[in-house]
Amino acid sequence: MEKWRSSYRFLRHSSANLFDRRTNRKFFNSIHSSYLGLVSNLTWNRAYHVFMRDACNHKPYFLMGRSIFGVSVNGVLIHLQRSNGTGCRIENRKFSSKASIPQRNKSFSVINSDDINYFKKIVGDRGVVQEEEKLDEANTDWMRKYKGSSKLMLQPKSTEEVSQILKYCNSRCLAVVPQGGNTGLVGGSVPVFDEVIINVGFMNNILSFDKTSGILVCEAGCILENLISFLDNQGFIMPLDLGAKGSCQIGGNIATNAGGLRLIRFGSLHGSVLGLEAVLANGTVLDMLGTLRKDNTGYDLKHLFIGCEGSLGIVTKVSILTPAKLSAVNVAFLACKDYASCLILLSEAKRKLGEILSAFEFLDINAMNLVLKHLDGLRDPLPSSAHNFYILIETTGSTESHDKEKLEAFLLHSMESELIIDGALAQDINQTLSFWAIREGVPEALMKAGAVYKYDLSLPPEKMYALVEEMRVCLGSAANVVAYGHLGDGNLHLNISAEQYTETILSKIEPFVYEWTSKHHGSISAEHGLGLMKASKIHYSKSAETVQLMCAIKKLLDPNGILNPYKVLPESVLHDGT
């Protein structure tokens with residue numbers, strides 16, 4: 001027992017003065033922990049035949065071929081945009097990943113005054129946005145990496161309005177981009193050219209909540225953090241938690257099948273979402289808003305829309321199963337000497353913490369250094385020395401004494417076996433917040449550090465860091481390779497930080513990173529989606545036959561291709577007649 005007391009003192013030695021509450025109150029008020037429960041403030045008339053005549057081109061699909069091309073000169077993206085309805089204007093933007101930018105589909109119409117007047121009849125003047133400042137924000141992604149040239153954003157307030165908009169756009173062959181909080185990282189939520197933006201942010205009502213079953217029904221525009229707060233007051237939690245929860249919306253989360261910090265405990269949205277309502281390209285409303293845990297009647301079509309990135313339909317409502325909030329929560333911030341120790345620690349945590357393990361996150365020394373350098377108010381929880389790897393473990397259960405006993409026994413064994421070489425246990429909410437702020441602050445620190453090439457990969461955990469090490473060999477001193485992510489579910493966030501974007505650096509990263517991931521049976525997108533950035537890279541993770549079937553589904557549900565064009569699927573395959 002005395003040996004454990006000394007070890008316990010060792011673990012908590014550095015957790016008392018992690019930040020100055022007075023000077024950093026504003027910062028920490030903007031950070032919300034993933035601490036569970038802890039929050040602050042088709043039907044259609046008939047199936048379409050794959051060779052049916054296109055309503056816009058009056059041609060069979062196999063005659064709609066469009067070639068694709070990518071232009072990258074010295075790290076600068078040559079961005080083609082429609083200008084005055086004819087030709088293209090070229091915009092130079094710094095670009096951190098090679099993405100094949102397709103030609104604008106000539107079958108798509110250009111917005112005119114008659115269209116705008118019609119939309120005003122549907123959503124009113126307030127729902128038709130043409131102000132340059134607002135459009136500039138809606139045209140630009142969160143990383144300021146992709147920028148479209150849309151001249152119109154529509155803000156419907158109901159499913160019926162979305163249906164009317166899409167029915168009209170489909171008849172006019174006006175391409176559209178569904179948009180929520182616009183927090184995506186692969187260019188999926190902003191226009192490529194002049195597509196009409198349909199922002200569902202005004203559809204933000206919570207429709208019902210059943211305390212017995214824990215089933216929440218809400219509209220797609222609900223901000224994730226607001227749902228977390230609502231459920232907290234009801235004694236429940238969202239099964240999904242993201243660093244962008246203050247801005248992202250549940251419809252976008254579902255459209256991208258967002259993973260987040262709790263997947264190791266609650267699984268993906270394919271398991272949590274019980275039903276949804278979606279609007280197809282022709283305006284048909286699919287009511288699949290079931291609230292049953294079991295419903296084995298035919299094909300479970302909702303799964304087509306979870307992760308489709310708005311390319312098959314626009315999600316307007318969702319029913320989601322939420323777990324009860326548990327009272328016993330513990331967070332530990334630990335240090336490991338090498339990656340092999342991290343893997344063993346993960347295996348031991350799954351075995352010995354079992355049902356109470358709710359998060360297992362990792363970051364390497366490069367990620368830690370960036371956070372401490374670029375984010376004001378954060379301090380190293382383990383200041384005695386720098387460490388190669390850091391692990392954040394969270395446990396959540398219903399019995400405080402039981403959980404603490406399990407966690408303490410796990411930490412003691414891990415220290416005795418030298419799996420961990422230092423650590424700190426959060427003693428209160430403020431320390432819990434500070435531990436999570438380090439992990440959740442890595443993306444912000446990377447943005448402040450300069451140019452960043454971001455890759456969201458899924459790999460067998462034992463292979464994850466080998467890619468990082470090989471990338472460092474490839475790049476040498478030209479860039480800082482930073483690694484962090486959800487080790488518990490094999491999700492690596494590989495980031496290459498540099499002073500500026502250059503073709504030299506990019507050519508060393510791509511296609512190497514995709515080829516390496518494919519070779520080791522991984523996925524080139526773990527949770528961010530494909531969007532525009534990776535649409536032409538899908539073959540690294542999916543077979544040609546699988547991609548062709550996806551294209552057939554896309555053509556069936558959206559025969560004119562107006563929904564989020566140029567994203568998710570390669571244009572070369574989508575229009576080659578397969």
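These are my notebook entries from a look through a predicted model.

**Overall count**

I started with the whole chain. I found 20 helices and 21 strands in it. Of its 578 residues, 57% count as buried. I get about 23,700 Å² for the accessible surface, and carbon and sulfur atoms hold 50% of that.

**Cores**

Next I looked up the nonpolar cores. The largest one has 123 residues. Which of its members touch the most other members? They are Phe119, Leu345, Ile391, Tyr455, Leu494 and Ile496. There is also a second, separate core of 31 residues, with Leu216, Ile228, Met238 and Ala258 among them.

I picked Ile391 and listed its contacts, leaving out residues up to four places away in sequence. Among them are Ala332, Phe333, Leu334, Cys336, Cys342, Leu345, Phe360, Phe362 and Leu487. Glu361 is on that list too, and I come back to Glu361 under salt bridges.

**Helix 4**

I then turned to helix 4, residues 132-139. Leu135, Ala138 and Asn139 are its buried residues. Down the helix axis they fall within an arc of 95°, so they line one face. That fits the usual geometry: an α-helix has 3.6 residues a turn, so residues three or four places apart point the same way. Glu133 and Glu137 are exposed on the other side of helix 4. What covers the buried residues? I noted strand 6 (128-129), strand 7 (153-154), strand 8 (176-179) and strand 9 (196-199) as part of the cover.

**Salt bridges**

I counted 16 salt bridges in the structure and wrote up three.

- Glu440 pairs with Lys245, with the closest N and O atoms 3.5 Å apart. Glu440 is in helix 14 (residues 429-440), while Lys245 is in the loop between helix 6 (224-234) and helix 7, so I have a pair 195 residues apart that links distant parts of the chain. Glu440 and Lys245 are buried.
- Glu361 pairs with Arg439, and here the closest N and O atoms are 2.8 Å apart. Glu361 sits in strand 16 and Arg439 in helix 14, so this bridge ties together parts 78 residues apart in sequence. Both Glu361 and Arg439 are buried.
- Glu355 meets Lys406 at 3.2 Å, N to O. Glu355 is in the loop between helix 11 (339-352) and strand 16 (357-364), and Lys406 is in helix 13 (residues 400-416), 51 residues away. Are these two buried or partly exposed? Glu355 counts as partly exposed at 47% relative accessibility, and Lys406 counts as partly exposed at 22%.

I also noted a network: salt bridges with shared partners join Asp241, Lys245 and Glu440.

**Backbone oddities**

I checked the backbone as well. Glu510 and Pro511 are joined by a cis peptide bond, with omega about 10°. Pro511 is in the loop between helix 17 (503-509) and helix 18 (512-519).

Asn257 is not a glycine, yet its phi is positive, about 50°. I found Asn257 in the loop between helix 7 (250-256) and helix 8 (263-266). Tyr566 also has a positive phi, near 75°. Its loop runs between helix 19 (544-557) and helix 20 (571-574). Is Tyr566 buried or exposed? It counts as buried, at 4% relative accessibility.

**Surface patch**

Last, I looked at the outside. Tyr299, Leu301 and Leu304 make a nonpolar patch there, with about 330 Å² of accessible area together. Tyr299 is in the loop between strand 13 (285-288) and helix 10 (302-305). Tyr299 has a relative accessible area of 77%, so I have it down as exposed.

Methods. Residues numbered from 1 in each chain as written. Predicted model: local features only at pLDDT ≥ 70, side-chain atom pairs only at ≥ 80, totals over all residues. Heavy atoms only, no water. Patch = residues over 30% accessible without salt bridge, like charges linked within 9 Å, V, L, I, M, F, W, Y side chains within 5 Å. Areas by Shrake-Rupley, 256 points an atom, 1.4 Å probe, with all protein chains shown as cover. Salt bridge = Lys/Arg side-chain N within 4 Å of Asp/Glu carboxyl O. Helix = DSSP H or I, 4+ residues; strand = E, 2+ residues; numbered from the N terminus. Buried < 20%, exposed > 50% of the residue type's maximum accessible area, 1.4 Å probe, protein only. Arc of directions from axis to C-beta. Contact = heavy atoms within 4.5 Å. Core = buried A, V, L, I, M, F, W, Y, C linked by side-chain atoms within 4.5 Å.
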